[in-house]
Amino acid sequence: MSKDTILVAEDLSKHYSIPLGAFKEPATLKALNSTSFTLSRRKTLAVVGESGCGKTTLAQLVAMINQPTLGSLKIAEQEIVGADKTALKALRSRVQIVFQNPYGSLNPRQKIGAALMEPLRMNTKLGKAECRKRAYAMLDQVGLRPEHFDRYPHMFSGGQRQRIAIARALMLEPEILVLDEPVSALDVSIQAQVLNLLAELQDKHDLAYLFITHDLSVVKHTADEVMVMYLGKAVEHRPAKDLFDSPQHPYTRALLSATPIPVPGAKKERVHLEGEIPSPIDPPAGCYFHPRCPLCFESCRSEVPLPQPCGDGMVACHAITQPEKLSDTA
Ligand SMILES: Nc1ncnc2c1ncn2[C@@H]1O[C@H](COP(=O)(O)OP(=O)(O)O)[C@@H](O)[C@H]1O
Ligand SMILES: [Mg+2]
């Protein structure tokens, strides 16, 4: 393990119990199903997939808002599963989260300055003057002005509010920032500004980002690694360049082909996804993706594909790892 590794997740799972009525056993919904990955300082791991694939569930586990059902999550070499309250409190300040909706994440009755000082007041013994100083400094770092300190959230645009949410998340000097669709609610023109700000802050503070998005184009220029998820499972996880240049999993290819590319006239492979996303309460046998997969063959209907090495990453797909069987396609 590299000394820059700041987080290790192993077989991380989150199951929800879904009531099915008075006379039935509740069903188990595997929102996150045995996912393993690491995060490194100064690096961005992008987590990508359609709505419902478990991205927010993963974000909540990493941000320690929720406890995993199974698996292990180590932050700075400390296991958080089963850790006591004191240990969790100490670890919590090292991981902060920014949500998609910048309107919901700020208290409308609290001035911005007070919102920025709050994490310091709650978690440190710093004096008031020092807290104010740090809040003003953070406003400046996220591109806001000193006079914004005494304003209320409704006086800001969506992009500015997201800057404030990012500033608040950084007040305790975390090492990991979980970004759950941080620009999805913003206009495209504003998205680029917030993405640039995030890149600047990552450099300045050596932050590790877990960057969650349903839109691959958002992370094309900023991700170091991309993990593609389908129904709670990682199906491909590779260095970003490799994944964008030569996507392997048929699901990754389909996602990429649905992503607009900015070069006019550029040709690209079109892969259409057929059918609906199956329910995670009753996932298909074998490979979860097989009912929608253009490459599906016999093994895919019965055997779960395990992650296999692929260059510097992994892919979980029978068609990629057993290409000789592709001719069996029924
Ligand atoms: N608290 C919960 N109780 C029951 N099911 C949940 C809960 N949170 C999420 N889920 C289910 O878990 C799956 C993954 O959800 P989520 O992590 O929000 O996906 P994403 O963020 O990728 O859209 C979905 O099927 C969702 O309905
Ligand atoms: Mg989500």
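In this predicted model, helix 3 (residues 112–123) and helix 5 (residues 158–170) have axes that come within 8 Å of each other and cross at roughly 25°. Helix 3 is therefore roughly parallel to helix 5. On the side of helix 3, the contact is formed by Ile112, Ala115, Leu116 and Pro119, and helix 5 contributes Ile164, Ala167 and Arg168. Sorted by class, this contact holds six nonpolar residues, no polar residues and one charged residue.

Phe156 lies in the loop between helix 4 (128–141) and helix 5. Phe156 counts as partly exposed because 19 other C-beta atoms lie within 10 Å, whereas a buried residue would need 20 or more. Apart from neighbours within four places in sequence, Phe156 contacts Arg161 and Ile164. Ile164 is also one of the helix 5 residues in the contact with helix 3. Between Phe156 and Ile176 there are 26 Å from C-alpha to C-alpha, at a sequence separation of 20 residues.

The model also contains an open sheet of eight strands with mixed pairing, in the order 6-7-8-3-9-10-12-11. Each edge strand has a single partner strand, so one side of each is left without a neighbour in the sheet. The edge strands are these:

| Edge strand | Residues |
|---|---|
| strand 6 | 95–98 |
| strand 11 | 308–310 |

On average, neighbouring strands of this sheet are turned by 25° against each other, direction ignored. Strand 11 pairs with strand 12 (residues 313–315) in the antiparallel sense, over three bridges. Opposite Gly313 of strand 12 stands Cys310.

Note on methods
Residues numbered from 1 in each chain as written. Chains lettered and ligands numbered in written order. Predicted model: local features only at pLDDT ≥ 70, side-chain atom pairs only at ≥ 80, totals over all residues. Axes fitted to C-alpha atoms, helices over the stretch in contact; angles between N-to-C directions. Helix = DSSP H or I, 4+ residues; strand = E, 2+ residues; numbered from the N terminus. Parallel < 35°, antiparallel > 145°, perpendicular 65-115°, else oblique. Contact = placed C-beta atoms within 7 Å. Nonpolar A, V, L, I, M, F, W, Y, C, P; charged D, E, K, R; others polar. Pairing = 2+ DSSP bridges. Buried ≥ 20, exposed ≤ 12 C-beta atoms within 10 Å, placed from the backbone.
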